[in-house]
Each structure stands twice: as structure tokens, then as C-alpha cells.
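Subject: A structure for you to explore

Hello,

Here is the structure I promised to pass on to you. Have a look at it first, and then read my notes below.

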Amino acid sequence: MRLKLVPQETSFDFMSLGKWAAGLSVAGILASLVLVVVMGLNFGIDFRGGTMIEARTQGPADIGAIRATASDLGYGEVQVQEFGQPSDVLLRIGTVEGDGDAQMAVVGEMQKALSAAFEGIEFRRVEVVGPKVSGELIVDGALALGLAICAILIYIWLRFEWQFALGAVIALLHDVLLTVGLFSVMQLEFNLSIIAALLTIVGYSLNDTVIVFDRVRENLRKYKQMPLAGILNLSINETLSRTVMTSGTTLLALVALYVLGGEVIRGFTFAMIWGVVVGTYSSIFIAAFFLLKLGVKRDWSKPEADAKAGTQFGAQV
């Protein structure tokens, strides 16, 4: 007996909700941009530069005492936070003048002071990133994301038509901007692993979108007299079972990683969980809705087909 999260055949009128979904998404994107400008992002050591020390105490960590001990060394503001278990702490120290040796000297002094103040403290990980390297990482991360989206635009354009390509890219930008906005409003740490998550979200969302678009192209050839709104509804309904099953099983794995994977990958898995949700939503509503508004030619054998004829909105499946 096969598990079915949705019936094999459905007839939901997704396009009738297109305007509402597009309005909600535009509001979310504008809110995300405002939040990034006003609140900014909580950049991690990767992008901000500095030193990070992960330590474990014998019992529950005294965050206040650890912060006071580290601050007494005179290296500026030291951020201390609980990390995973009550006995695990994460110390962040800003950049100091000098090269990598100077940074490591600070680490040595910090470890010596903490070892003297807290018996049995164990230092599990140390990361040092200079300001020049962190600046280059910000540029490289943004460049990687931009090039990936441009490459996707060209790929979809070559495989389908420019209307499909533009709809897919709008959906991808929608997913990325909403994810960045969520990290801004929650002030979650934004580091290189989140850039990796954004690139993964782009690939996941694109996979869903291409499957829907491929079915749209088949149905455009099969139902030459059906309005485009009806074809989009039909195509989404035909792929809905596959979409829900894929997203559901992916979320099961991601939730398990989020709960059991530890703090090191928690930010990555959180971004991926959110990305799967908004990516599925954008594939069904945003990409298809913009394709409806842009129109698409109905007969690939003719160089100039009437795209406008297919943009009638009232069709039912």
C-alpha cells in the first residue's frame, strides 16, 4: 500500500490565488529589505573577522564570570554565549592589530586566563579570521550567489523560453531575499554555511520549478485551445503529489538534523528548512503566476506565436 499525502488527482485552482500570493510575497520581500537595512545581519567570524573559541566547562558554564575574565585582558568587547549544552560556551573576540601571529597570541593569553580561573575547562575549537580575509569572503559569497542565479537564468532560457527563465529567477530571488530577511529579524548568525544553504535552496527551488515548467510545456502542446491559466493549474495539480512527497521527506531529514545535529550545523539546517518551505511555495505560486502574466507562445513550430491569447485568467481545469 503506497503512502499518499495528497490524492493522485487534484483540481485546485492555484491561479485564482496568484494575485494574493504575489502581493504577500512582494510585502515580504520589501519587509526583508527594510529589515536588512535597519537591523542588518548578525555576521559571524567568517564575515566580520576576529577570533572564536569554543570551550567546555566541568559543570554548567557561568557566562557572566567567563565574560568578566575574558574582558579583563583588555582586548575590547568579548561576546560569550551558551553553545549547545549548558557546559559549552562560545567566545568571540574582535580583530586586534597585527598579523595572524598576533591573533594567536591573544588566543594563548585568553586560554591561559580561563584555565587559571576555571579548573578543568577544555578548549575544543579555535578559529581565527583576519579582516582582509573576512572582507574577501563577503564579496566572494555574494558573487557566488549572483553567478549561480545568472547561470540558472541562461539555462532556463535555453531549455524553455525567456518567460520561463524570468519566472524561475523571480521565484529564486524571492526565496533568497525572504531567507535573508528571516535571518535579519531573528538576528541569527550569518556565516559561510548560510551562503552554502542559500545556494542549496536555489538548487532545490529550481528543481521544483523546472518540473512544473516541464509539465507546462508538455500540456501547452497537448491542449492547444486551453487558456494558459487552465494549463498552469493542470500542470501544478499533476505534479502536486510529487512535490509534496519530495518536500515532506526532505523536511523530515532536515528536522532530524536540526534537532540532533548540534550547534555547528544548526544555522545551516534552519535555513534549509525555511528554504524548502518557501521554495515549494514559490514553485507553485510565484513562478507560475509570473509565467501567466508574461504569457508564452503556444506553438514552438512557429517563430512568432500569439502569447497574449493564452493569458486569459478565468480558465478552470
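Let me start with a question: is Ile195 buried or exposed? Ile195 is buried because its relative accessible area is 12%, and buried means under 20% relative accessible area, exposed over 50%, and partly exposed in between (1.4 Å probe, protein chains only).

Before going on, please keep in mind that this is a predicted model, in which local features need pLDDT of at least 70 and side-chain atom pairs count only at pLDDT 80 or more, while totals for chains, interfaces and linings use all residues. Residues are numbered from 1 along each chain as its sequence is written, and side-chain values use heavy atoms, with hydrogens and water left out.

**The chain as a whole**

The chain has 9 helices and 6 strands; these are DSSP runs numbered from the N terminus (helices are H or I with at least four residues, strands are E with at least two). Of the 317 residues in the chain, 43% are buried. If you take contacts (heavy atoms within 4.5 Å) between residues at least 6 apart in sequence, 75% of them join residues at least 24 apart.

**Back to Ile195, and on to the core**

Ile195 sits in helix α7. Beyond its neighbours within four places in sequence, Ile195 is in contact with Phe47, Gly141 and Phe190.

The largest nonpolar core has 50 residues. By a nonpolar core I mean a set of buried Ala, Val, Leu, Ile, Met, Phe, Trp, Tyr and Cys residues joined through side-chain atoms within 4.5 Å. Those with the most contacts inside the core are Ile156, Phe164, Phe190, Leu198, Val216 and Leu232. Two or more core residues come from each of α5 (131-159), α6 (162-186), α7 (192-222), α8 (228-260) and α9 (266-294), and α7 gives the most, with 13 residues. Val216 is a good residue to click on: leaving aside neighbours within four places in sequence, Val216 is in contact with Phe164, Ile231, Leu232, Ser235 and Leu291. Another core, of 16 residues, lies apart from this one and includes Ala55, Ala61, Ala70 and Val106.

**The strands**

Which strands does β4 pair with? Strand β4 (residues 85-93) runs antiparallel to β2 and is joined to it by 6 bridges; β4 also pairs with β3 (residues 78-83) in the antiparallel sense, over 6 bridges. Two strands count as paired if DSSP finds at least two bridges between them. On the β2 side, Glu54 has Leu90 as its bridge partner in β4, and Thr51 stands opposite Ile93. On the β3 side, Gln79 has Arg92 as its bridge partner in β4. The hairpin of β3 and β4 has 1 residue between the strands, and Gly84 there takes a positive phi near 80 degrees.

Both β2 and β4 are mostly covered: 6 of the 7 residues of β2 (residues 50-56) are buried, as are 7 of the 9 residues of β4.

**One more residue**

Met104 is found in helix α4 (residues 100-117). Met104 counts as partly exposed because its relative accessibility is 45%. Met104 and Val128 are 24 residues apart along the chain, and their C-alpha atoms are separated by 7.7 Å.

Enjoy exploring, and send me any questions!

Best wishes
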